[in-house]
Amino acid sequence: MGQQDKGKGKVERYEAIEVKCPKCGYLSIIYIPKEDIPKCPECGTQMVINELLDEGKSY
Ligand SMILES: [Zn+2]
């Protein structure tokens, strides 16, 4: 918990996330923050984050 980002340092790093349509289950992969979470091309429902794919944690 606690998704506090110290807003310092310009890190231009995209994270791949898997998004899923909660209605029909359509899956897609996007890169944040470059891309916004899209709407489902099948049924037009706002998709939700399903899984974070990039396991690289910068410590
Ligand atoms: Zn859908």
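The following legends describe close-up views of a predicted model of a protein chain with a bound zinc ion.

**View 1. Overall course of the protein chain.** Read from the N terminus, the chain follows the pattern β-β-β, and the secondary structure comprises three strands and zero helices. Of the 59 residues in the protein chain, 15% are buried. Among the contacts in the chain with a separation of 6 or more, 34% are made between residues 24 or more positions apart.

**View 2. The zinc ion and its protein donors.** The zinc ion is held by the SG atoms of Cys21, Cys24, Cys40 and Cys43, which lie 2.2 to 2.4 Å from the metal. Because the angles subtended by the four donor atoms around the zinc ion run from 102 to 126°, and four donors count as tetrahedral if all angles lie between 85 and 135 degrees, the arrangement is tetrahedral. Along the sequence, the spacing of the donor residues is C-x2-C-x15-C-x2-C. Within this set, the pair Cys21 and Cys40 links distant parts of the chain, for the two residues are 19 residues apart, with Cys21 in the loop between β1 (15-20) and β2 (27-32) and Cys40 in the loop between β2 and β3 (48-52).

**View 3. Exposure of the zinc-binding cysteines.** Both Cys21 and Cys40 are buried. The relative accessibility of Cys21 is 1%, and because buried means under 20%, this residue falls in that class. Cys43, by contrast, has a relative accessibility of 34% and therefore counts as partly exposed, a class that lies between the 20% and 50% limits. With a disulfide taken as a pair of cysteine sulfur atoms within 2.5 Å, the count of disulfides comes to zero.

**View 4. The three-stranded sheet.** The three strands form an open sheet in which the order is β2-β1-β3 and the pairing is antiparallel. Since β2 and β3 stand at the edges and each has a single partner strand, one side of each is left without a neighbour in the sheet. Neighbouring strands of this sheet are turned against each other by 40° on average, when direction is ignored.

**View 5. The pairing of β1 with β3.** Strands of a sheet pair through backbone hydrogen bonds, in either a parallel or an antiparallel manner. Here β1 and β3 run antiparallel and are joined by four bridges. One residue pair to locate in this view is Glu18 and Glu51, the latter being the bridge partner of Glu18 in β3.

Definitions and conventions: Residues are numbered from 1 along each chain as its sequence is written. This is a predicted model: local features need pLDDT of at least 70, side-chain atom pairs count only at pLDDT 80 or more; totals for chains, interfaces and linings use all residues. Side-chain values use heavy atoms; hydrogens and water are left out. Donors are N, O and S atoms within 2.8 Å of the metal (3.2 Å for Na, K and Ca); water is not among the atoms, so sites may look incomplete. Four donors count as tetrahedral if all angles lie between 85 and 135 degrees; four count as square planar and six as octahedral if opposite donors are over 155 degrees apart and all others between 65 and 115; anything else is irregular. Buried means under 20% relative accessible area, exposed over 50%, partly exposed in between (1.4 Å probe, protein chains only). Two strands pair if DSSP finds at least two bridges between them. Axes are lines fitted to C-alpha atoms, for helices over the stretch in contact, and angles run from 0 to 180 degrees between N-to-C directions. Contact means heavy atoms within 4.5 Å.
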